[in-house]
Amino acid sequence: MFEFLSRLFSGGKSGRVAKERLQLVLIHDRNDIPPETLEKIKVEMVRLLKKYLEIDEKGINMNLERRNRSVALVADIPLKSSQRPVRGRKKNG
Amino acid sequence: MDCRIIVITSGKGGVGKTTTTANLAVALANEGHKVVAIDGDVGLRNLDVIMGLENRIVYTLVDVIEGTCRLNQAMIRDKRVSNLYMIPTAQSRTKDSVTSEQMLEICNQLRNDFDFVLIDSPAGIEAGFRNAAAGADEALVVTTPEVSAVRDADRIIGLLESMEKTPISLIVNRIKPEMVKRGEMLAVQDVLDILAVDLIGTIPDDESVVTSSNRGEPLTFSNGSGASQAFLDIAKRICGNEVPFMDLSGDQKGFLSSLRRFFGK
């Protein structure tokens with residue numbers, strides 16, 4: 001039972017988890033953008049955006065994503081009390 | 001036949017570079033090629049003990065570089081098989097005792113006399129690795145199905161590509177088929193999906209690797225174990241032969257393996 005639960009929350013068998021974690025960490029490694037750099041970019045971007053927009057800082061999601069053979073920096077930045085969503089897509093993790 | 005100079009490397013330590021170097025050197029010599037294995041790990045030499053030649057060292061690679069002896073004086077001939085030589089490195093020195101240019105010079109001298117020069121690289125991505133790779137034409141990258149080893153292999157592959165040490169071929173070592181079957185270990189295909197290089201060998205986790213290193217007798221001297229067969233297969237593939245890969249997916253948990261377990265082997 002415990003094993004079942006822990007598997008449910010850890011996202012499956014550890015071999016699968018290893019592959020997914022590796023794929024993520026290697027996107028950072030190969031592009032020489034460590035997570036701490038991403039965090040710095042985020043802080044500066046928030047500072048800039050706040051000059052013009054009311055943004056929901058807690059809801060910001062910024063990640064490197066693999067797209068076929070290239071990599072994209074994808075930022076999801078919700079606005080506070082906005083009429084229209086900035087992006088149609090909501091992505092976590 | 002043109003000489004091929006191959007560096008065996010991994011990034012992460014302890015994944016089986018030296019064992020691979022020793023076993024492939026023996027296997028290639030068994031196939032009739034003239035082979036020399038060089039220990040590229042100045043200060044932490046181990047190829048000598050893995051090959052069981054530690055008592056025969058008189059001169060080292062560093063002596064050759066410093067002009068204390070000639071290159072052929074540092075070569076230890078393995079008496080167990082014809083055409084196999086080993087060049088040890090110095091134990092009481094540091095990485096900066098050898099430069100990339102000196103390594104290249106030595107490799108080029110060996111090129112005329114050998115079919116294969118295998119260089120056992122130290123772990124890491126710094127000068128030691130760069131020196132070991134400097135004289136090589138191509139590379140074998142050894143990894144194990146673990147996140148740390150695969151991550152480091154990816155880094156090393158990037159560096160080897162920028163140094164134009166190609167082709168780069170991958171060896172996945174220490175596979176436990178029953179864990180792969182349970183989904184609790186990266187499968188060879190997972191590692192290939194991630195690293196995107198050519199596979200040249202898969203080696204099962206095998207206790208006989210430990211016992212053979214205890215004795216200083218590379219496995220490929222005596223046939224029989226799974227790992228030994230895997231190394232012999234890799235040697236054949238290096239020579240351009242098509243050899244099917246051992247099934248390490250854990251799917252064929254057949255009669256033979258249960259029999260082996262029954263007899264405690």
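**Entry 1: B:Asn83**

I began with B:Asn83, which is partly exposed, with 18 other C-beta atoms within 10 Å. I placed B:Asn83 in the loop between β3 (76–77) and β4 (84–87) of chain B. I then read its backbone: phi of B:Asn83 is near 70°, a positive value in a residue other than glycine. I noted for context that most residues other than glycine have a negative phi.

**Entry 2: confidence**

I recorded that this is a predicted model. I found a mean pLDDT of 94 for chain B, with 95% of its residues at 70 or more. I also noted an ipTM of 0.83 and a pTM of 0.85.

**Entry 3: B:Arg174 and the cis peptide**

I looked up a further positive phi, that of B:Arg174, which is near 60°. I located B:Arg174 in strand β7 of chain B. Is B:Arg174 buried or exposed? I counted 22 other C-beta atoms within 10 Å of B:Arg174, so I entered it as buried.

I next examined B:Pro167, which lies in the loop between α7 and β7 (168–175) of chain B. I found that the peptide bond joining B:Thr166 and B:Pro167 is cis, with omega about 0°.

**Entry 4: the nonpolar core**

I turned to the largest nonpolar core, which has 83 residues. Which of these residues touch the most other members? I listed B:Ala25, B:Val35, B:Val117, B:Leu118 and B:Val141.

I followed B:Val35 further and set aside residues up to four places away in sequence. I found that B:Val35 touches B:Ala25, B:Leu28, B:Ala29, B:Leu84, B:Phe114, B:Phe116 and B:Leu118, and also B:Asn83 and B:Asp115. The contact with B:Asn83 leads back to the loop residue of my opening entry, whose phi is near 70°.

**Entry 5: B:Leu61**

I located B:Leu61 in helix α3 (residues 61–65) of chain B. I recorded B:Leu61 as buried, with 24 other C-beta atoms within 10 Å. Leaving aside neighbours within four places in sequence, I found B:Leu61 in contact with B:Ile38, B:Ala74, B:Ile87, B:Pro88, B:Thr89, B:Ala90 and B:Val98. I also noted a separation of 9.7 Å between the C-alpha atoms of B:Leu61 and B:Ser97, which are 36 residues apart along the chain.

**Entry 6: helix α6 of chain B**

I checked how far helix α6 (residues 127–134) of chain B is covered, and found six of its eight residues buried. I listed these as B:Gly128, B:Phe129, B:Asn131, B:Ala132, B:Ala133 and B:Ala134. I saw that the buried residues of α6(B) pack against β1 (4–9), α5 (100–111), β5 (116–120), β6 (138–143) and α7 of chain B.

**Entry 7: helix α7 of chain B and its partners**

I examined α7(B) against helix α9 (residues 188–195) of chain B; their axes come within 10 Å and cross at roughly 40°. I therefore entered α7(B) and α9(B) as oblique to each other. I noted the crossing as right-handed. I found that B:Val150, B:Ala153, B:Asp154 and B:Ile157 in α7(B) meet B:Val191, B:Ile194 and B:Leu195 in α9(B).

I then looked across to chain A. The axes of helix α2 (residues 14–31) of chain A and helix α7 (residues 147–162) of chain B come within 10 Å and cross at roughly 30°. I entered α2(A) as roughly parallel to α7(B) on account of that angle. I noted that α2(A) passes α7(B) in a right-handed crossing. I recorded A:Ala18, A:Arg21, A:Leu22, A:Val25, A:Leu26 and A:Asp29 as meeting B:Val147, B:Val150, B:Arg151, B:Asp154 and B:Arg155. I saw B:Val150 and B:Asp154 listed in the contacts with α2(A) and also in those with α9(B).

Conventions. Residues numbered from 1 in each chain as written. Chains lettered and ligands numbered in written order. Predicted model: local features only at pLDDT ≥ 70, side-chain atom pairs only at ≥ 80, totals over all residues. pLDDT = per-residue confidence, 0-100. Core = buried A, V, L, I, M, F, W, Y, C linked by C-beta atoms within 7 Å. Buried ≥ 20, exposed ≤ 12 C-beta atoms within 10 Å, placed from the backbone. Contact = placed C-beta atoms within 7 Å. Axes fitted to C-alpha atoms, helices over the stretch in contact; angles between N-to-C directions. Helix = DSSP H or I, 4+ residues; strand = E, 2+ residues; numbered from the N terminus. Parallel < 35°, antiparallel > 145°, perpendicular 65-115°, else oblique. Left-handed = near helix turned anticlockwise from the far one by under 90°.
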